[in-house]
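Trainee: Could you walk me through reading a ligand site and a few side-chain features?
Mentor: Sure, let's have a look.

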Amino acid sequence: MTELSSLKGKTALVTGSGRGLGKVMAERLADLGANIVLHDISWKAPEKYKEAKNLGEVAKEFEKKGIKVLTVTGNIGDVQAVAEMCTKIEEKFSKVDILINCAGGDIGACGGKPSPNNALDISIEDVQALINSNLVGTINVCKAFIPAMRDQKYGVVVNIGSVAGQLGVSEGAIYGILKASVTHYTRCLATELKQHGVRVNCVAPGPTKTARFEATRVVDPEMMDSQKASLDRYGEPGEIANAVAFLVSDQAKFINGQVLCVDGGLVNFPS
Ligand SMILES: NC(=O)c1ccc[n+]([C@@H]2O[C@H](COP(=O)([O-])OP(=O)(O)OC[C@H]3O[C@@H](n4cnc5c(N)ncnc54)[C@H](O)[C@@H]3O)[C@@H](O)[C@H]2O)c1
């Protein structure tokens, strides 16, 4: 994808980039020349599914390639924690030009998936936890970083939704509802910011082979094969990262308020 404009001189904050999709997105933006702010809820979060020992180890991988990188930690559902992240980032890079809101997931109050996890039986504690780490967290981060983009009349934001937010689902219903709300928040933000030259889009991945994904479900071996011709398969993290890289590039400079499903067409033909 060498035809994409270089992001040299730009600073990108990717939330939840200590592991999983966020890490691959950060790598992709770094390959295009951006300075990178790696973020996770804690220093040790990358260790959970054995992707790295800690956030520092992830940062070293970037530094080895000569990329300017900063690490920040904090729960995005906590306004104070996000304000502290903002101060630290401003001290090193002065501003954020590219914001990827990737942190989130179907993570209940006790850390794993809620159980039960349907629309009626899920506990209110789990509902609150999901609201904080998906919708409120995304809004907190946008409120902290986008006003500076609005002032400088430049900025690009990509929110990470999910096909679970595009389809009716029973298992993971609240997660799906919150990803749908992130999608609509994207449209509203895009409307508010278009006069200021700040673009906001959403990438909605289908089931994608991250370490967490593989560790927290029984995977279908036939869906694991990314080399087969059929698009009935799980996504590769790099396929999601490529969509993010396109949306932040100048090649997408007239694309605003859109949802790009990266799912092999699953959302059109759910089985
Ligand atoms: N992998 C998939 O199949 C898939 C499909 C659709 C959408 N998504 C979305 O993509 C994103 C990344 O998913 P993943 O598969 O890489 O999972 P993951 O659990 O590996 O990554 C999520 C990251 O977000 C961080 N995070 C979660 N809650 C947070 C909070 N409150 N504050 C700060 N950080 C927090 C986690 O620590 C982790 O680093 C998530 O938003 C997820 O909902 C994933």
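**Around the ligand**

Trainee: How do the residues of the shell around the ligand divide into nonpolar, polar and charged?
Mentor: They divide into 12 nonpolar, 13 polar and 4 charged. Here Ala, Val, Leu, Ile, Met, Phe, Trp, Tyr, Cys and Pro count as nonpolar, Asp, Glu, Lys and Arg as charged, and the others, Gly among them, as polar. Before going on: this is a predicted model, where local features need pLDDT of at least 70 and side-chain atom pairs count only at pLDDT 80 or more, while totals for chains, interfaces and linings use all residues. Residues are numbered from 1 along each chain as its sequence is written, and side-chain values use heavy atoms, with hydrogens and water left out.

Trainee: Which residues come nearest to the ligand?
Mentor: A residue is near if one of its heavy atoms lies within 4 Å of the molecule. Of the 29 residues around the ligand, D40, C102, Y175, T208 and R212 come nearest. At least two shell residues come from each of α1 (20–31), β2 (35–40), α5 (173–193) and α6 (211–215); helices (H or I, at least four residues) and strands (E, at least two) are DSSP runs, numbered from the N terminus.

Trainee: What polar contacts does the ligand make with I76, C102 and R212?
Mentor: A polar contact is a pair of N or O atoms within 3.5 Å; within protein, one must be able to donate a hydrogen and the other to accept it, and residues adjacent in sequence count only if both atoms are side-chain atoms. A ligand nitrogen is 3.0 Å from a polar backbone atom of I76. For C102, a backbone N or O atom lies 2.8 Å from a ligand oxygen. With R212, a side-chain N or O atom is 2.8 Å from an oxygen of the ligand. The protein covers 96% of the 820 Å² of accessible area that the ligand has on its own (Shrake-Rupley method, 1.4 Å probe; for residues, only the protein chains shown count as cover).

Trainee: How many aromatic pairs does the count come to?
Mentor: Rings of Phe, Tyr and Trp (its six-membered ring) pair if their centres lie within 6.5 Å; planes under 30 degrees apart count as stacked, over 60 as edge-to-face and the rest as tilted. The count is 1 aromatic pair. F213 and Y234 form an edge-to-face pair, 5.0 Å centre to centre with 75° between the planes. F213 sits in helix α6 and Y234 in the loop between α6 and α7 (237–248), so the pair ties together parts 21 residues apart in sequence.
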